[in-house]
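User: Hi! I am new to this structure and would like to walk through its side-chain contacts with you. Could you show it to me, please?

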Amino acid sequence: QVQLVESGGGLVQAGGSLRLSCAASGTIFSINTMRWYRQAPGKQRELVASITSVGDTNYVDSVKGRFTISRENTGNTVYLQMNSLKPEDTAVYYCNADLTYYSGSSTFRHWGQGTQVTVSS
């Protein structure tokens, strides 16, 4: 059984900062790419940032220069540091991870349950 648990969401004023965490636990052999998505009311889920097992990162244009994705050395926890937050960043933020259960197994994608981020103007 694998679980991804997000934390760190909340209410913040525009211009403020939040740090999201996502910890993976359970039967895990390796984790490849980890990602943060967000979904605002009435909108499609959007990929915000991703980080590979070797630390390569990508960001959606709207957060470049404001958000930073990182991983712990163990590789099982991913963070999203969000600075200079804007009201349009308001959404439920989800993490996901591509992982294997044992050596040689296929790769499976797991999702967390989401954490609410609300930015007031």
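Analyst: Happy to help! This is a predicted model. A place to begin is D61 and K64, whose side chains meet in a salt bridge, at 3.0 Å from N to O.

User: Is D61 in that salt bridge buried or exposed?

Analyst: The cut-off to keep in mind is that exposed means over 50% relative accessible area. D61 has a relative accessibility of 60%, so D61 counts as exposed.

User: How many salt bridges are there by this rule?

Analyst: Side chains of opposite charge can pair when their charged atoms come close. D61 and K64 form one such pair. By the rule used here, the count of salt bridges comes to six.

User: Which residue meets D98 in a salt bridge, and how many residues apart are the two?

Analyst: The partner of D98 is R35, with 2.7 Å from N to O. This pair links distant parts of the chain, as D98 belongs to strand β9 and R35 to strand β4. The separation of D98 and R35 is 63 residues.

User: Are D98 and R35 buried or exposed?

Analyst: Buried means under 20% relative accessible area. D98 comes out at 11%, so D98 is buried. R35 has a value of 12%, so R35 too counts as buried.

User: Which residues are linked with R38 in a network of salt bridges?

Analyst: Let us start from one pair: R38 forms a salt bridge with E46, and their closest N and O atoms are 2.8 Å apart. R38 is buried because its relative accessible area is 7%, while E46 is partly exposed at 29%. The residues linked with R38 in the network are E46, R66 and D89.

User: Over the ring of which residue does the charged end of R45 sit, 3.8 Å from its centre?

Analyst: R45 has two rings to consider here. R45 lies over the face of W111, at 4.8 Å from the ring centre. The ring with its centre 3.8 Å from the charged end of R45 is that of Y94.

User: Why does the pair of Y37 and W111 count as tilted?

Analyst: A pair of aromatic rings is described by the distance of the centres and the angle of the planes. A search of the whole structure finds two aromatic pairs. For Y37 and W111 the centres are 4.9 Å apart, and the pair is tilted because the planes stand at 50°. Y37 lies in strand β4 (residues 30-39) and W111 in strand β10 (residues 107-111), so to speak distant parts of the chain, at a separation of 74 residues.

User: And are the rings of Y101 and F108 stacked or tilted?

Analyst: Planes under 30 degrees apart count as stacked. Y101 is partly exposed at 27% relative accessibility, and F108 is partly exposed at 36%. The ring centres of Y101 and F108 are 4.8 Å apart and the planes at 15°, so the pair is stacked.

User: One last stop: where is S84, and what is its phi?

Analyst: S84 sits in the loop between β8 (77-82) and β9 (91-100). With a relative accessible area of 39%, S84 is partly exposed. Most residues other than glycine have a negative phi. S84 has a positive phi, near 50°.

Note on methods
Residues are numbered from 1 along each chain as its sequence is written. This is a predicted model: local features need pLDDT of at least 70, side-chain atom pairs count only at pLDDT 80 or more; totals for chains, interfaces and linings use all residues. Side-chain values use heavy atoms; hydrogens and water are left out. Helices (H or I, at least four residues) and strands (E, at least two) are DSSP runs, numbered from the N terminus. Buried means under 20% relative accessible area, exposed over 50%, partly exposed in between (1.4 Å probe, protein chains only). Rings of Phe, Tyr and Trp (its six-membered ring) pair if their centres lie within 6.5 Å; planes under 30 degrees apart count as stacked, over 60 as edge-to-face and the rest as tilted. A charge sits over a ring if NZ of Lys or CZ of Arg is within 6 Å of the ring centre and within 35 degrees of the ring normal. A salt bridge is a side-chain nitrogen of Lys or Arg within 4 Å of a carboxyl oxygen of Asp or Glu.
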